[in-house]
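Thanks for asking for a second pair of eyes on this one. Here are my notes, set out as numbered points so that you can follow along with the model open.

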Amino acid sequence: MTPYDTAAQRDDDADTQRDALPDLAISAVGVDKTYRADGGGRVHALKSVDLEVPRGGIFGLLGPNGAGKSTFINILAGLVIKTSGTAKVWGIDIDREPRQARAAIGVVPQELNLDAFFSPREMLEVQAGFYGVPPSERRTSEILERVGLADKSEAYSRSLSGGMRRRLLVAKALVHNPPVLVLDEPTAGVDIELRQSLWAFVRELNQNGTTVVLTTHYLEEAEELCDRIAIINEGQVIACDETRALVERLDNKELRIVLTAEISALPDSLQPFNVELSDARTLTFRYRTRETEVREILDAVSAAGLAVADLSTEEPDLEDVFLALTRGDTTAA
Ligand code: ADP
Ligand code: MG
């Protein structure tokens, strides 16, 4: 069985080319979403989002809380209705062929909602039925095995630990064998050990051909796991690039040096650096760790005859990165 060859898709018209693997696992053009909030207000959650997720990789949708990550993936999964724009999952337009598009994607939701009285096995069977996977094609035991819940298959879900519940939700998202798996903030509130095992599992799924999309608000998580990252902020995609290229763009540090005495102007010998005199006693250097070492800066400062009273470094956090990118600040972008 090929990853995209699900029961729900096979009974569809055969003239559309299901067998040709699409280059893009997901493509969105101008996707816009406005929620009507309680009290009559409106929330513009997505602002004309264009996004392409290539087939075969692990893609990170990175952004702070409220950025619109869940809204975006819930639109793809058919759980939220977009206001305008077009989107395709595995080459299938979500408006024109909603059922087939839904069959191509599995979503592991952010919330750990499970029916407390179903066992993991029952839950997967119900889910498979929901997706129209015939009993002969169900892989319930295999999936439970894969997520490490084989020995819990008959337990009440309410007796499962948080980590087991998370894995059960992953299992649920896999019953219809979707070629695209989306994990919405998979490690929020998850301890380090479980995080590592979840990541190992995600990598394994990916190596076996599943395109993975994960949303996160941790830069390090996206950096460690994803080969490509899109940064979304206030409903807008503000950067999308290969992880390596993106991290390089974000490789900015600031070194503040407080001098023992005031100076009236920057010494000429420091001109080659990106440095400013923040006040009469403070020099602020901006540099990339790849290009400049702190040692070089300190040597130059002392060669200029300046004595250092104190120094501190600062790395940009995600907020700074967003600000820099949205401003089009050239030191970060
Ligand atoms: P993220 O997943 O990145 O944290 P969300 O997509 O959940 O962001 O939310 C984006 C924005 O849309 C937020 O301002 C949020 O409050 C709002 N929002 C999300 N869901 C709803 C809803 N059902 N009704 C009204 N506003 C919503
Ligand atoms: Mg969310």
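The points below go from the whole chain to the ligand sites and then to a few individual residues.

1. Please keep in mind throughout that this is a predicted model. The protein chain has 333 residues, of which 46% count as buried. Its secondary structure comes to 11 helices and 14 strands.

2. Two further totals describe the chain. Among contacts with a separation of 6 or more, 69% are between residues 24 or more positions apart. The accessible surface is about 16,500 Å², and carbon and sulfur atoms account for 47% of it.

3. Now to ligand 1. Which residues surround it? The shell consists of Tyr 35, Val 43, Ala 45, Pro 64, Asn 65, Gly 66, Ala 67, Gly 68, Lys 69, Ser 70 and Thr 71. By type, these divide into five nonpolar, five polar and one charged.

4. Strand 2 (42-54) and helix 2 (69-76) each supply at least two residues of that shell. Helix 2 gives the most, with three residues.

5. Three short distances to oxygen atoms of ligand 1 are worth a look on screen. A polar side-chain atom of Lys 69 lies 2.8 Å from one such oxygen. From the backbone, an N or O atom of Gly 68 comes to 2.9 Å from a ligand oxygen, and a polar backbone atom of Ser 70 is also listed at 2.9 Å from an oxygen of ligand 1. Taken alone, ligand 1 exposes 560 Å², and the protein buries 63% of that.

6. Which protein atoms serve as donors to the magnesium ion, ligand 2? They are OG of Ser 70 and OE1 of Gln 110, lying 2.1 to 2.4 Å from the ion. Ser 70 belongs to helix 2, while Gln 110 sits in the loop between strand 6 (105-108) and helix 4 (120-130), so the pair ties together parts that are 40 residues apart in sequence.

7. Are the two magnesium donors buried or exposed? Ser 70 is partly exposed, with a relative accessible area of 21%. Gln 110 is partly exposed as well, at 30% relative accessibility. Ser 70 thus appears twice in these notes: its side-chain OG is a donor to the magnesium ion, and its backbone has a polar atom 2.9 Å from an oxygen of ligand 1.

8. Glu 185 deserves a point of its own. This residue is found in the loop between strand 7 (180-184) and helix 7 (192-207), and it is buried, with a relative accessible area of 4%. Its side chain makes a polar contact with the side chain of Lys 69 at 3.5 Å and another with the side chain of His 217 at 2.9 Å. Lys 69 is the residue whose side chain also has a polar atom 2.8 Å from an oxygen of ligand 1.

9. Leaving aside neighbours within four places in sequence, Glu 185 is in contact with Asn 65, Lys 69, Gln 110, Arg 166, Thr 215, Thr 216 and His 217. Among these, Gln 110 is a magnesium donor, and Asn 65 is one of the residues around ligand 1. When you check the backbone, note that phi of Glu 185 is near 45 degrees, a positive value in a residue other than glycine.

10. Ser 48 is another place to check the backbone, as its phi is also positive, near 45 degrees, and the residue is not glycine. Ser 48 is found in strand 2 and counts as partly exposed, at 45% relative accessibility.

11. Gly 30, in strand 1 (residues 24-36), touches Ser 48, Val 49, Asp 50, Ser 84 and Gly 85, not counting residues up to four places away in sequence. The C-alpha atoms of Gly 30 and Val 49 are 4.9 Å apart, with the two positions 19 residues apart in sequence numbering. Gly 30 counts as buried, at 18% relative accessibility.

12. Finally, Ala 87 lies in strand 4 (residues 84-89) and is buried, at 1% relative accessibility. Its C-alpha atom is 8.6 Å from that of Gly 30, although the two are 57 residues apart along the chain. Beyond four places in sequence, the contacts of Ala 87 include Ser 27, Ala 28, Val 31, Leu 76 and Ile 94.

Note on methods. Residues numbered from 1 in each chain as written. Chains lettered and ligands numbered in written order. Predicted model: local features only at pLDDT ≥ 70, side-chain atom pairs only at ≥ 80, totals over all residues. Heavy atoms only, no water. Near = heavy atom within 4 Å. Polar contact = N/O pair within 3.5 Å; in protein donor to acceptor, adjacent residues only side chain to side chain. Areas by Shrake-Rupley, 256 points an atom, 1.4 Å probe, with all protein chains shown as cover. Nonpolar A, V, L, I, M, F, W, Y, C, P; charged D, E, K, R; others polar. Donors = N, O, S within 2.8 Å, 3.2 Å for Na, K, Ca; no water. Buried < 20%, exposed > 50% of the residue type's maximum accessible area, 1.4 Å probe, protein only. Contact = heavy atoms within 4.5 Å.
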